[in-house]
Amino acid sequence: MSGNHAGFTAIAACWVCEGRNLKKVGVAPIDLSEFRDEDALLAAYSGTSVSLQRCAACGFVQPGALPSLPRFFDRMYNQLWSADWIQREFESSYKDMIFTGILRALAARLPASRRALLDVGAHAGRFMRLAQAGGWRVEGLELNPRTASHAAARTGAPVHRLNADMVDSLGRRFDAVTLTDVLEHMPDPVAMLRRVHAVLAPQGWVAVKVPNGPAQWFKEHARARLSRGYAPRVANSLVHVNHFSPRSLRVALERAGFDRVAVGAGAPELLPDPGAGPAVSNVLRRVSYGVSRALPGGIHTPFAFNLQAYARQSEG
Ligand SMILES: [Zn+2]
């Protein structure tokens with residue numbers, strides 16, 4: 001089954017700093033067999049794997065190679081989610097601590113007259129809706145047709161059906177751009193951040209939230225030690241292609257042209273409908289987040305599962 005895939009293209013230099021001292025730190029197995037009926041070329045990669053490599057210069061971790069199949073990631077994310085599921089994604093509050101924190105931080109950095117916001121990877125539109133409630137004029141970018149049309153219907157705002165790497169083709173600029181749980185999925189993240197820089201008005205702000213690579217690795221490997229047979233799954237099927245450390249996220253934003261870069265701990269997702277299990281888990285998530293913010297250097301500890309960065313467009 002894996003004999004007739006389209007092959008791999010090796011990646012020789014760090015996407016963030018162009019460093020060439022890359023050391024193998026893990027393996028990402030690929031299993032896309034769920035696509036065997038709808039996309040045989042995609043499913044053909046099942047049973048293969050790619051190495052994960054850490055850059056000695058900046059600490060960034062990326063795949064040693066990527067599948068050569070054209071539009072590999074678009075095909076992987078072309079999921080036919082049910083209307084019910086999308087509706088729940090819009091209604092559910094599990095990311096609201098993240099969303100409201102981002103809106104507060106952006107509002108504090110921009111004068112009240114500058115409230116044009118673009119959400120890249122708008123998903124079902126909940127963040128757009130919360131932003132509108134906070135006085136922002138929003139637009140979204142969302143490739144998936146089902147979530148995009150849901151977001152447009154619920155917000156009445158434009159939702160552009162474009163791949164995120166077409167963000168600079170919109171023909172207008174925004175005061176703020178948000179990428180929440182988006183950048184870890186996109187190969188060549190500095191190129192993406194340069195496009196975001198181009199779509200921001202002078203001295204506009206970007207907000208980027210990603211998983212904290214080192215802390216996620218620590219958590220997954222600790223879990224693997226505790227439970228026999230559990231394999232760490234930080235990068236399976238290349239769902240996450242980028243594994244940022246606090247330092248490599250800063251370097252990526254600076255190389256894309258941003259200034260005033262600030263990287264801190266990102267807020268956690270909280271599980272919906274707290275029964276006893278989720279309630280305990282939510283407390284642990286809040287405590288981890290609190291500890292990672294309170295400790296000096298807290299973002300460099302295993303308590304910071306997520307990173308939240310803000311950076312300014314550097315023109316003018
Ligand atoms: Zn590097």
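This passage walks through a zinc site, two sheets with their helices, and two individual residues. The model is a predicted one, so it is best to keep that in mind throughout.

A good place to start is the metal. Four cysteines hold the zinc ion through their SG atoms: Cys14, Cys17, Cys55 and Cys58, at 2.3 to 2.4 Å. Along the chain, these donors follow the spacing C-x2-C-x37-C-x2-C. The angles among the 4 donor atoms run from 99 to 117 degrees, and the site is tetrahedral. Cys14 and Cys17 are both buried.

Next come the strands. One open sheet has 3 strands, laid out as β2-β3-β4 with antiparallel pairing. Its edges are β2 (22-29) and β4 (61-63), each of which pairs on one side only. From one strand to the next, the twist averages 30 degrees. Strand β3 covers residues 49-55 and is joined to β2 by 7 bridges, the two running antiparallel. To find this pairing by eye, look for Gly26, which stands opposite Leu52 in β3. The zinc donors include Cys55, and residue 55 also falls within β3 (residues 49-55).

The other open sheet has 7 strands, and its order is β8-β7-β6-β9-β10-β12-β11, with mixed pairing. Here the edge positions go to β8 (159-160) and β11 (259-265), and again each pairs on one side only. Inside the sheet, β6 (residues 116-120) and β7 (residues 137-141) run parallel and share 5 bridges. One bridge pair to look for is Asp119 with Gly140 in β7. Helix α5 packs on this sheet, touching β6, β7, β8 and β9 (174-180), and its direction makes about 170 degrees with that of β7. Helix α7 (residues 189-199) packs on the sheet as well; it touches β6, β9 and β10 (200-211), and its direction makes about 145 degrees with that of β10.

Helix α5 itself spans residues 126-133, and its buried residues are Arg126, Phe127, Met128 and Ala131. Just after α5 comes Gly135, where the backbone takes a positive phi of about 95 degrees.

Arg114 is worth a stop on the way into β6. This residue sits in the loop between α4 (96-109) and β6. A polar atom of the Arg114 side chain lies 3.0 Å from the backbone oxygen of Pro202. Setting aside neighbours within four places in sequence, Arg114 is in contact with Trp136, Asp175, Ala201, Pro202, Gln203 and Gly204. Among these contacts, Asp175 falls in the range of β9 (174-180), while Pro202 falls in that of β10 (200-211).

The last stop is Leu66, which is found in strand β5 (residues 65-67). Leu66 counts as buried because its relative accessibility is 13%, under the 20% cut-off. Leaving out neighbours within four places in sequence, Leu66 is in contact with Gly7, Phe8, Thr9, Ile11, Trp15, Phe73, Pro187, Leu238 and Val241. One of these partners, Val241, is 175 residues away along the chain, yet the C-alpha atoms of Leu66 and Val241 are separated by 9.1 Å.

Definitions and conventions: Residues numbered from 1 in each chain as written. Predicted model: local features only at pLDDT ≥ 70, side-chain atom pairs only at ≥ 80, totals over all residues. Heavy atoms only, no water. Donors = N, O, S within 2.8 Å, 3.2 Å for Na, K, Ca; no water. Tetrahedral: all angles 85-135°; square planar, octahedral: opposite > 155°, others 65-115°. Buried < 20%, exposed > 50% of the residue type's maximum accessible area, 1.4 Å probe, protein only. Helix = DSSP H or I, 4+ residues; strand = E, 2+ residues; numbered from the N terminus. Pairing = 2+ DSSP bridges. Axes fitted to C-alpha atoms, helices over the stretch in contact; angles between N-to-C directions. Contact = heavy atoms within 4.5 Å. Polar contact = N/O pair within 3.5 Å; in protein donor to acceptor, adjacent residues only side chain to side chain.
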